[in-house]
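The following exercises concern ligand shells, cavities and pockets. Each task is followed by a solution in steps.

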Amino acid sequence: MRLLVAGGAGFIGSNFIRYILSNYSEVEVINFDKLTYAGNLENLTDIEHDPRYSFIKGDICDPKAVEKAVSRLGAKGLIVNFAAETHVDRSIVSAGSFIQTDVFGTMVLLEAVRKHKIARYLHISTDEVYGSVERGSFNERSGLEPNSPYAASKAGGDLIVRSYCKTYGVPAVITRSSNNYGPYQYPEKLIPLFITNLLEKKKVPLYGDGKNVRDWLYVEDNCSAIDLVLREGEIGEVYNIGGGNERQNLEITRIILETLDLDPKKWIEPVKDRPGHDRRYSVDCGKIKKLGWRPAKSFEDGLKETISWYRENRSWWKNTKKKQSEFKMSWLEARH
Ligand code: NAD
Ligand code: DAU
């Protein structure tokens, strides 16, 4: 099996490459990544010398580079596309690169899939495309009501995938997962930002009233779901993937503080809310459960292990964190 992973140097992509290499012996993985601020080859140092793995630095918006990489796969090749701009706060500051990569880049990949008759293209999307829901959960037939430029660019990507499937018969499938957490997540997202801030004895900036709800999914559970959809998902279909762990941001913050033995009164800094902040995400995962998938990790164990991982891997996040602090400071100041 030859598999091209676009965006394999990021958080979920690198965990997915590790998952595939440890679960399949007869596999060749090509990691195609632009190495933006979020891409980091240090996420893959443990497998970089594996003969089944190779890396190409390239941009999914560059048709020639994509064409060259995809032509190496052959007709039985598979593609999983994680490559995207992914941080909501950054999309609020500047949306251009989001539209470029998440919409245009998706189309460039689909063109190569068409031309080379790739066996399957799996597009990694997000539960954010459905928008916010006060009660109940979205299923795969719910309408798309994205509220941030990030979510809108992901919804645009999904619609391009759908159109290539309907118009040209491209063998595509889409997954829409909830919030992932675990090792190698860039310290701009809630869980790694708060853990690393607290390890550095800095306060954590909690948006609004802290009562927004997300459904947390351990990254390896998302990897097993993606692997299953890649093998058994029906062409043209969408599959929601959720952890079944809905928590308010304040609850998560308190668990992290408790685990690190810190007083919540001293370390939480309430800050002005994110514009257009979605109140609650929730997806109905009945469809992927029918394929036999279940998340294996409990939220309590996953969060504890994640905190330990950041404690034990300071060198991984130390340098990145400096650059991230500059963005965070200017973002928070701009909104005060
Ligand atoms: P990430 O930001 O950690 O990594 C993104 C990767 O894509 C980086 O390695 C980056 O260098 C690469 N990339 C960006 N633009 C590129 C381009 N033009 N060409 C090639 N490579 C490019 O992201 P992540 O959190 O691992 O998310 C991966 C995918 O999963 C994204 O599509 C995201 O929308 C989706 N997703 C993420 C979550 C989450 O909680 N993290 C949840 C649901 C869906
Ligand atoms: O739902 C899936 C999505 O989850 C993915 O598609 C996105 O790529 C990923 O970034 C994530 O989006 P969120 O906006 O939900 O994640 P983030 O970690 O940015 O924020 C989670 C919650 O925490 C949200 O309610 C905002 C809040 N928050 C976030 C940050 C960064 C804070 O209160 N303070 C912060 O500093």
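**Exercise 1. The shell around ligand 1**

Which element gives the most to the shell around ligand 1, and with how many residues?

Solution. The model under study is predicted.

Step 1. Begin with the elements that each supply at least two residues of this shell: α1 (11–23), β5 (120–126), α5 (149–168) and β7 (179–181).

Step 2. Rank the contributions. Strand β5 gives the most, with 3 residues.

Step 3. Set this against the whole shell. There are 29 residues around ligand 1, and those that come nearest are I12, D33, T86, Y150 and K154. By class, the shell has 11 nonpolar, 14 polar and 4 charged residues.

**Exercise 2. Polar contacts and burial of ligand 1**

Identify backbone and side-chain atoms that lie close enough to oxygen atoms of ligand 1 to count as polar contacts, for which the cut-off is 3.5 Å between N or O atoms. Then state how much of the ligand is covered.

Solution.

Step 1. Take the backbone first. An N or O atom in the backbone of T36 is 3.0 Å from an oxygen atom of ligand 1, and for a backbone N or O atom of N180 the corresponding distance is 2.9 Å.

Step 2. Turn to the side chains. Y150 places a polar side-chain atom 2.7 Å from an oxygen atom of ligand 1.

Step 3. Assess the cover. On its own, ligand 1 has 840 Å² of accessible area, and the protein covers 96% of it.

**Exercise 3. The surroundings of ligand 2**

Which residues are closest to ligand 2, and what is the make-up of its shell by residue class?

Solution.

Step 1. List the neighbours. Ligand 2 is surrounded by 25 residues, the closest being D127, E128, Y150, R274 and H277.

Step 2. Examine individual distances to oxygen atoms of ligand 2. For D127, a polar side-chain atom lies at 2.5 Å; for E128, a polar side-chain atom lies at 2.6 Å; for Y150, a side-chain N or O atom lies at 2.5 Å. The side chain of Y150 thus appears in the contacts of ligand 2 as well as in those of ligand 1.

Step 3. Assess the cover. Ligand 2 taken alone exposes 690 Å², of which the protein buries 95%.

Step 4. Assign the shell to elements. Two or more residues come from each of α3 (88–93), α6 (190–199) and β8 (204–207).

Step 5. Sort by class. The shell divides into 9 nonpolar, 8 polar and 8 charged residues.

**Exercise 4. Cavity and pocket**

How many cavities of 30 Å³ or more are counted, and which element provides the largest share of the lining of the second largest pocket?

Solution.

Step 1. Count the cavities. There is 1 cavity of 30 Å³ or more, and the volume of the largest cavity is about 50 Å³.

Step 2. Describe its lining. Among the residues that line the largest cavity are V88, E128, R274 and H277; the lining as a whole comprises 3 nonpolar, 3 polar and 4 charged residues. E128, R274 and H277 also belong to the closest residues around ligand 2.

Step 3. Proceed to the second largest pocket, with a volume of about 360 Å³. Its lining has 18 residues, of which E140, R162, R176, G236 and V238 lie nearest its centre.

Step 4. Find the contributing elements. Helix α5 and strand β6 (172–177) give two or more residues to this lining, and the largest share, 6 residues, comes from α5.

Step 5. Sort by class. The lining of the second largest pocket divides into 8 nonpolar, 2 polar and 8 charged residues.

How values were computed
Residues numbered from 1 in each chain as written. Chains lettered and ligands numbered in written order. Predicted model: local features only at pLDDT ≥ 70, side-chain atom pairs only at ≥ 80, totals over all residues. Heavy atoms only, no water. Near = heavy atom within 4 Å. Polar contact = N/O pair within 3.5 Å; in protein donor to acceptor, adjacent residues only side chain to side chain. Areas by Shrake-Rupley, 256 points an atom, 1.4 Å probe, with all protein chains shown as cover. Helix = DSSP H or I, 4+ residues; strand = E, 2+ residues; numbered from the N terminus. Nonpolar A, V, L, I, M, F, W, Y, C, P; charged D, E, K, R; others polar. 1 Å grid on protein atoms, 1.4 Å probe; cavity = no way out; pocket = protein on both sides within 12 Å on 5 of 7 lines; lining within 4 Å. Points joined across faces, edges and corners; volume = space filled by probe spheres on them.
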